[in-house]
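Please look over the sequence and the 3D structure below. A short report follows.

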Amino acid sequence: MKVAVAGCCHGALDKMYETLELLQRRHNVRPDLLLCCGDFQAVRNEADLRCMAVPAKYRHMQTFYRYYSGEKKAPVLTVFIGGNHEASNHLQELPYGGWVAPNIYYLGYAGVVRFRGVRIGGISGIFKSHDYRKGHFECPPYNQQTIRSAYHVRNIEVFKLKQLKRPIDIFMSHDWPRSIYHYGNKKQLLKMKSFFRQEVESNTLGSPAASELLQHLKPTYWFSAHLHVKFAAFMQHETNSKEELPKATKFLALDKCLPHRDFLQVIDVEHDPNAGDSLEYDAEWIAVLKATNSLVNVTQSSWNMPENNGLHAKWDYSATEEAIKEVLEELNHDLKIPCNFTLTAACYDPSKPPKNMEPVHTINPQTTEFCAQFGLTDINDRIHQAKEEGSVRGENEEEEEEEEMDSTGSAEEPSEYNTDNSGLSSINPDEIMLDDEGGDEDLSTCSVDPSPDHPPDFSASFSDIRIMPDSMAVSSDDAMDSTNEELEKSGVSKQVEEKSLTERPLKRIGGNENGDSGIKKIKRRNQAIYAAEDEDKTE
C-alpha cells in the first residue's frame, strides 16, 4: 500500500492534491492514503479564521472551505492531526476524531485508527509544560491565552496512548520528539538551521511528551512537521527482555507545503490484502477510551495521571483481551467508521462580502453519536455544563453582593472571555521563527530532488542506525561527533541517564528563565511560518 505523507499543509489543499495528481500522471504513482502532520487549517468561514493563533495579516481562507461545502472532494482518503495553527474551534468539535469534510478525517486530540490493516496513531498540538497537566477547558470565543492553550498537548492524551500494548505501524506528531535529532544527520541539520544549535546541544528542542510516547510505542514509522525542514533518522530501540524482538523506528520530519518544496513523501507500507478500503476504528483504542473515561477533566486545575507510586488505587488502564472482545461484540465485528459528516457551520462564500462572524461553541453530532455508542463523556457537553454552572453561581453571588451594596455600588465583573479577538497581539510566543538562511534543502541523509520529475525514495533517507536508550538522553554535540566512528561500528552510543517526565518537572521548550532565547535568530513569532513563496530569503 502506498502512503503519502505531508508536512504543514496550511490550508493549501488544492496544492497538495494537485501534487498527488501530478505524481500519478508523470510516474504512475497513486497513493492509497494521505497523512498530514498538523497545521492542516480546516477553516470553514471567517469565524474560524479568528480562532487561529496567527497574526491577522496571515489569516487567509485558503481552499479547505471548498471541500467542506462539497464543491470539491478529496481524491484520496486523508487523515490528519492538529498542529499549532488551526481553526481550533472547528477541531474542538471532534475531540475523539471525526470527519471535517467527506474523505478527510481528523484523529482528535489523540487517536488510533486502521486502514487496510495498517494501524495509524497520532497526537495533536504541541507541547508546553505550563498547560500539560491541565484539562481541556478551553472553548470559543477564545481570549489571548486560550486561543493558544487550546492546541497544547495534555497529559491525559499521552497517558491514554501509553496504555496501548499492541504494535503501532505509523504514528504522527506535530512537533518533533525531543532528542530525535541525535539519530539522524545532525551536522547537516545544524548546518542548514544553525539557530537550532543551542536547543539541540541542551537537548531542549522538541517535545518530551512525544519522546516518551516514542519510547513506549516504538512504531515502525514516526512522522512530524512543525519546524519546516526535512530531516530523517533511524533508531533501534532497546529490548526489555531477551525474548522480545528488536524494534526500530524510521523517523521523518516533513517540510511545509509550498511550490518547489519536497513537502510530500510516498512510502510503501505492508498491509492486509484481505482488509477493506474503509477507515476503521481500532478496538484496543476504543477499549482504552472506555477505561479512561473517568479521568476526563475540563478544568484548568493541574493534575497528575495515575501511577504506581502508592497514591493511586489504580494506575493500569490498558485494555484487557476481554475488554477488546466486548468492543468488537458491541460493533458486531464491523469496525468501519461511519461516513456521518455533518455541516455544523456556515461555509465561506467568496461571492459575498466578508462577514463579521463570532466564534461559537458547537457540539458536533458526530461526537454525540460516538460518545453515545461507546458510553464516553462528550467533552464539549461537559464544558458547556461547567460554563452554565459557573454562570448560575456567578448570578447568585452577584445577587448577594447587590443586597449588601448601596445604590452607588456595582457588582458587575469583567467577562471571562474576550469576544473580540481582532486585538490579539501579532506576536505568538509559542512559535519559532525559522530563518531560512541558506535555503531549505533536504536534510535527509541523502539528497532527494524535490521536483515531480524525481519521485522520492524514502528508503534511502535512513543510514545512521543507533540504539535508542530508555531515557533518550544524549551527550553533547561535540561528544557525539567525536565518537561517531565508534558508534557506526558498534551501533551503540554511550548515554547519560535522565529522569523520566514523572520524576521531574517538564521544561518549557527554548529560552532561559528570563525569557531570552540566547540566540538572536530564535524568535517566538509567526511571520516566517506564513510568508509567501519567496520565504526562502533571509528576513
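Leaving aside its neighbours within four places in sequence, which residues is tryptophan 99 in contact with?

## Tryptophan 99

This is a predicted model. In it, tryptophan 99 is in contact with Leu77, Leu94, Ile104, Tyr105, Leu279, Ile337, Pro338, Cys339, Asn340, Phe341 and Gln366, once neighbours within four places in sequence are left aside. Tryptophan 99 belongs to strand β4, residues 98–101. Its relative accessibility is 6%. The cut-off for buried is under 20%, so tryptophan 99 counts as buried.

One of these partners, phenylalanine 341, sits 242 residues away along the chain, yet the two C-alpha atoms are separated by 5.4 Å. Proline 338 offers a polar partner: its backbone oxygen lies 2.8 Å from a polar atom of the tryptophan 99 side chain.

## Overall build

The protein has 16 helices and 14 strands. It runs to 539 residues, and 54% of them count as buried. Take the contacts with a separation of 6 or more: residues 24 or more positions apart account for 80% of them. The exposed area is about 23900 Å², with 47% supplied by carbon and sulfur atoms.

## Nonpolar cores

The largest nonpolar core holds 116 residues. Phe40, Ile104, Trp176 and Phe223 touch the most other members. Helix α11 (residues 283–291) gives this core its largest share, six residues. A second core is separate and has eight residues, including Val43, Tyr58, Met61 and Ala87.

What surrounds phenylalanine 40, leaving aside its neighbours within four places in sequence? Its contacts are Cys9, His10, Gly11, Leu13, Met16, Phe64, Thr78, Phe80, Glu86 and Ile104. Ile104 is also on the contact list of tryptophan 99.

## Strands β1 and β12

Strand β1 covers residues 2–6, and it pairs with β12 in the antiparallel sense. Five bridges join the two. One bridge links valine 5 to glutamine 265 of β12.

Strand β12 spans residues 264–268 and is mostly covered. Four of its five residues are buried.

## Helix α10

Helix α10 takes in residues 208–217. Is it mostly covered or mostly exposed? Mostly covered: eight of its ten residues are buried. They are Pro208, Ala209, Ala210, Ser211, Glu212, Leu213, Leu214 and Leu217.

Both ends of the helix have a feature to check. At the N-terminal end, serine 207 acts as a cap, with a side-chain oxygen 3.3 Å from the backbone nitrogen of alanine 209. After the helix comes lysine 218, with a positive phi near 50°.

## Cysteines

How many disulfides does the structure hold? Zero. A disulfide is a covalent bond between the sulfur atoms of two cysteines. Why does cysteine 8 not form one with cysteine 36? Cysteine 36 has the closest cysteine sulfur to that of cysteine 8, but the two are 7.4 Å apart, too far for a bond. The cut-off for a disulfide is 2.5 Å.

Cysteine 8 counts as buried because its relative accessibility is 0%. Cysteine 371 is buried as well, with a relative accessible area of 5%.

Notes: Residues are numbered from 1 along each chain as its sequence is written. This is a predicted model: local features need pLDDT of at least 70, side-chain atom pairs count only at pLDDT 80 or more; totals for chains, interfaces and linings use all residues. Side-chain values use heavy atoms; hydrogens and water are left out. A nonpolar core is a set of buried Ala, Val, Leu, Ile, Met, Phe, Trp, Tyr and Cys residues joined through side-chain atoms within 4.5 Å. Buried means under 20% relative accessible area, exposed over 50%, partly exposed in between (1.4 Å probe, protein chains only). Contact means heavy atoms within 4.5 Å. A polar contact is a pair of N or O atoms within 3.5 Å; within protein, one must be able to donate a hydrogen and the other to accept it, and residues adjacent in sequence count only if both atoms are side-chain atoms. Two strands pair if DSSP finds at least two bridges between them. Accessible areas come from the Shrake-Rupley method with a 1.4 Å probe; for residues, only the protein chains shown count as cover.
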